[in-house]
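Colleague: Please take a close look at one part of this structure and describe how that part sits among its surroundings. I would like the cut-offs stated as you go.

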Amino acid sequence: MDDRLFCIIAAAGMGKRLGLGYNKNYACIDGIPILIRNLHQVAQVPGMAGAVVVVAAGEEAEAEALLQQYQEREFPRLSWSVVTGGRERQDSVEQGIAALPQKACWVAIHDGARPFATPELFPRV
């Protein structure tokens with residue numbers, strides 16, 4: 001892979017079944033938010049050029065602040081952007097695709113609520 005590989009992280013869902021009352025992607029596992037764990041794993045994928053994080057309307061500033069807070073420690077070389085998702089998951093993925101840079105050739109779609117996808121999984125998929 002080269003610098004044309006990108007990842008869209010669909011992180012706009014509320015996770016109603018989990019019953020937190022807030023977006024599950026901000027819930028912590030061992031003190032680190034799920035969204036941050038995802039970006040840490042994505043950043044280790046060979047050739048990953050960047051990520052587009054799709055969040056619910058009204059969560060953009062919170063997501064950007066969270067990513068900035070953890071970037072240096074968890075994913076220092078990964079470029080990223082935050083975009084607003086849509087009503088349904090497919091709408092959010094469409095928003096993520098629309099936000100990709102022109103050079104994007106390969107795109108991995110990652111469910112933001114799945115923080116245990118290892119870097120080795122990406123090339124297999």
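Modeller: What follows concentrates on helix 3 and its surroundings, then turns to the cores and a few loop residues. This is a predicted model, in which local features need pLDDT of at least 70 and side-chain atom pairs count only at pLDDT 80 or more, while totals for chains, interfaces and linings use all residues. Residues are numbered from 1 along each chain as its sequence is written, and side-chain values use heavy atoms, with hydrogens and water left out.

Helix 3 covers residues 89-98; helices (H or I, at least four residues) and strands (E, at least two) are DSSP runs, numbered from the N terminus. S92, V93 and G96 are the buried residues to note in helix 3, where buried means under 20% relative accessible area, exposed over 50%, and partly exposed in between (1.4 Å probe, protein chains only). They lie on the same side of helix 3 because they cover an arc of only 100° around the axis, the arc being that of the directions from the helix axis to the C-beta atoms. Q90, E94 and A98 are exposed on the other side of helix 3. The buried residues of helix 3 pack against strand 1 (5-11), strand 4 (48-55), strand 5 (79-84) and strand 6 (106-111), with contact meaning heavy atoms within 4.5 Å.

I97, also in helix 3, is partly exposed at 47% relative accessibility. Together with V107 and I109, I97 makes a nonpolar surface patch of about 250 Å². Patches are made of residues with over 30% relative accessible area and no salt bridge, like charges being joined within 9 Å and nonpolar side chains (Val, Leu, Ile, Met, Phe, Trp, Tyr) within 5 Å. Accessible areas come from the Shrake-Rupley method with a 1.4 Å probe, and for residues only the protein chains shown count as cover.

R89 in helix 3 and D111 in strand 6 form a salt bridge, at 3.7 Å from N to O; the term requires a side-chain nitrogen of Lys or Arg within 4 Å of a carboxyl oxygen of Asp or Glu. This pair links distant parts of the chain, 22 residues apart. R89 is partly exposed at 48%, and D111 is partly exposed at 22%. Salt bridges with shared partners join R89, D111 and R114 into one network. The whole structure has four salt bridges. Another of them pairs R87 with E88, with the closest N and O atoms 3.9 Å apart.

Strands 1 and 4, which helix 3 packs against, also give two or more residues each to the largest nonpolar core, as do helix 1 (34-43) and helix 2 (60-74). That core has 25 residues, and L39, M48, V53, L67 and F122 have the most contacts inside it. A nonpolar core is a set of buried Ala, Val, Leu, Ile, Met, Phe, Trp, Tyr and Cys residues joined through side-chain atoms within 4.5 Å. Leaving out residues up to four places away in sequence, M48 touches L5, F6, C7, V42, L78 and F122. Another core, of seven residues, lies apart from the largest and includes F6, I8, V52 and V83. Helix 1 is mostly covered, with seven of its 10 residues buried.

Just outside these elements, G47 sits in the loop between helix 1 and strand 4 and is partly exposed at 34%. The C-alpha atoms of G47 and D3 are separated by 5.9 Å, although the two are 44 residues apart along the chain.
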